[in-house]
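Open the model in your viewer and keep the selection tool at hand. The tour goes from stop to stop, saying what to select and what is there.

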Amino acid sequence: MLLYNTLTRQKEEFKPINSPKVSMYCCGPTVYDYQHIGNMRTYIFEDILKRTLKYNKYKVKHIMNITDIGHLVSDADEGEDKMMKALKRENLPATKKSMLKLADKYTNAFQGDLKKLNIQDPNKYTKATKHIKEQIKLVQILINKGYTYETADGIYFDSTKYADYAKLALLDGQELQAGKRVDLSEKKDIHDFALWKFSQANENRIMEWKAFGKKGFPGWHIECSAMSMKYLGEHFDIHCGGIDHIPVHHTNERAQNNCATGIKESVNFWMHGEFLVLDKAKMSKSAGSFIILRNAINKGISPLAYRYFCLMTHYRKPLSFSWSALESAQNGLDNLYYELQKLGNKKGNFNSEFKRKLLDSMNDDLNMPQILALIFEVLKSNLKNEDKLTTILEFDKVLGLNLNKVKKEKINIPLNIKNLAEQRLK
């Protein structure tokens, strides 16, 4: 099984630390708003990875965080907490009760979207506010090992003390000049980041804890390090997220993990999904350019058609979004339903040749577009209908399109639509 490792910038053979067990951590949402469909593309990629691992007989332990405190508007440790900003946006009182209620609202919405997209739940969702002790303990370990310094506004990780800091994001070629684009304030180096932020006298913070002699709250990056290691151990197999996490969040997580544990690489595989592109720019909540799943449903697009749309492009390639492209994906999925219905209900055998092709495709860095193409190859083959049905349903254990739940009812799809769907797939 070959997977692309961002750390080495190449496909590598995947070998679990403790086979057949696989430990996998995926960065979850900051629950201050609805997750847009660009975010959901990343979760679909992670679900495909998980299904592929399970198909290969691995036992996956999957952990996902819920960030309900500490994620500042700027990834550079500046600005206000995103949850605080959301309270103001929704005209809610600045109370702990309101913040927890807001977090629950958007957590439930996120989990509902996962269900609609047939994305399997992790073994555990871990909330940042429920793991403050673990975060404080991890910061203290880094303090004791000499990787930190204190400023007026917090405790910072000294990136210059970790020689391998730049490796994941290849930052050496992207150095910024202090004073021109970034205000360092009391930071010693532009790449230094907050492990723990101190509450300021002029702030009205709702969520804060006493630690290191002052009241404060955790930095965003320390949350994931503390929770991933609590549930998966100091050395685990896979860490996933979107490519936007590479230069800051995951680079900082890796530094924290490796320095705290003393392990050269505490995560074996770092894996990242590419952006969903809207008008040549990534879809972004902060920029106000985002579409949520509900928007698509209101336009008559089924959530599984969006999943199908994502499967048509490899997870490491940018995917251009347009409503017409999504409507074409809906037509393509409807056409697939139509073809499946013609096969009847009788189950047969999983064809050995197509089984080999399935394994080759999924184990070559999750090549889902190739598996979709194989489905139409099966439909055009000389196999018996019952063998076609069984083979395609076996493919769907990885694709996750719920093809086994297609209702046996007549669907009239115009010939020109079927032809268009097939041309688009090609």
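What follows is a list of stops, each with a selection and a short description.

**Before you start**

This is a predicted model, in which local features need pLDDT of at least 70, side-chain atom pairs count only at pLDDT 80 or more, and totals for chains, interfaces and linings use all residues. Residues are numbered from 1 along each chain as its sequence is written, and side-chain values use heavy atoms, with hydrogens and water left out.

The names of helices (H or I, at least four residues) and strands (E, at least two) refer to DSSP runs, numbered from the N terminus.

**Stop 1: the parallel sheet**

Select strands β5, β4, β3, β11 and β12, in that order: they form an open sheet of five strands with parallel pairing. Two strands pair if DSSP finds at least two bridges between them. At the edges are β5 (124-127) and β12 (267-273), each of which pairs on one side only. On average, neighbouring strands of this sheet are turned by 25° against each other, direction ignored. For angles such as this, axes are lines fitted to C-alpha atoms, for helices over the stretch in contact, and angles run from 0 to 180 degrees between N-to-C directions.

Now narrow the selection to β3 (residues 21-26) and β11 (residues 236-242), which pair in the parallel sense over three bridges. Which residue stands opposite Tyr25 in β11? It is His239.

**Stop 2: helices α3 and α2**

Add helix α3 (residues 96-116), which lies across β4 (59-66) and β5 and runs at about 155° to β5. Then add helix α2 (residues 82-89): the axes of α2 and α3 come within 10 Å and cross at roughly 95°. The two helices α2 and α3 are therefore roughly perpendicular to each other. The cut-offs are under 35 degrees for roughly parallel, over 145 for roughly antiparallel, 65 to 115 for roughly perpendicular, and oblique for the rest.

To see where they meet, show Met83, Met84, Ala86, Leu87 and Arg89 in α2 with Ser98, Met99, Leu102, Ala103 and Tyr106 in α3. Contact means heavy atoms within 4.5 Å. The residues of this contact of α2 with α3 divide into eight nonpolar, one polar and one charged. Here Ala, Val, Leu, Ile, Met, Phe, Trp, Tyr, Cys and Pro count as nonpolar, Asp, Glu, Lys and Arg as charged, and the others, Gly among them, as polar.

**Stop 3: the antiparallel sheet**

Select β6, β7, β8, β10 and β9, again in sheet order: this is an open sheet of five strands with antiparallel pairing. Its edge strands are β6 and β9 (209-211), each pairing on one side only. From one strand to the next, the twist averages 40°.

Start with β6 (residues 148-151) and β7 (residues 154-157), which run antiparallel and are joined by four bridges. They form a hairpin with two residues between them. Thr148 has Phe157 in β7 as its bridge partner. Move on to β8 (residues 193-198), which runs antiparallel to β7 and is joined to it by four bridges. There the bridge partner of Phe157 is Phe193.

**Stop 4: helix α4 and Val139**

Helix α4 lies across β6, β7, β8, β9 and β10 (214-218), running at about 120° to β8. Within α4 (residues 132-144), select Val139. Is Val139 buried or exposed? Val139 is buried, with a relative accessible area of 0%. Buried means under 20% relative accessible area, exposed over 50%, and partly exposed in between (1.4 Å probe, protein chains only). Leaving aside neighbours within four places in sequence, Val139 is in contact with Ile155, Leu195, Phe212 and Ile222.

**Stop 5: helices α5 and α6**

Select α5 (residues 220-232) and α6 (residues 246-261), whose axes come within 9 Å and cross at roughly 50°. Helices α5 and α6 are therefore oblique to each other. By class, the contact of α5 with α6 has five nonpolar, eight polar and one charged residues.

**Stop 6: Val277 and helix α8**

Val277 lies in strand β13 (residues 276-278) and is buried, with a relative accessible area of 17%. Not counting residues up to four places away in sequence, Val277 touches Pro318, Leu319, Ser320 and Phe321.

Finish at α8 (residues 303-311), a mostly covered helix in which nine of its nine residues are buried. Among them are Tyr306, Arg307 and Phe309.
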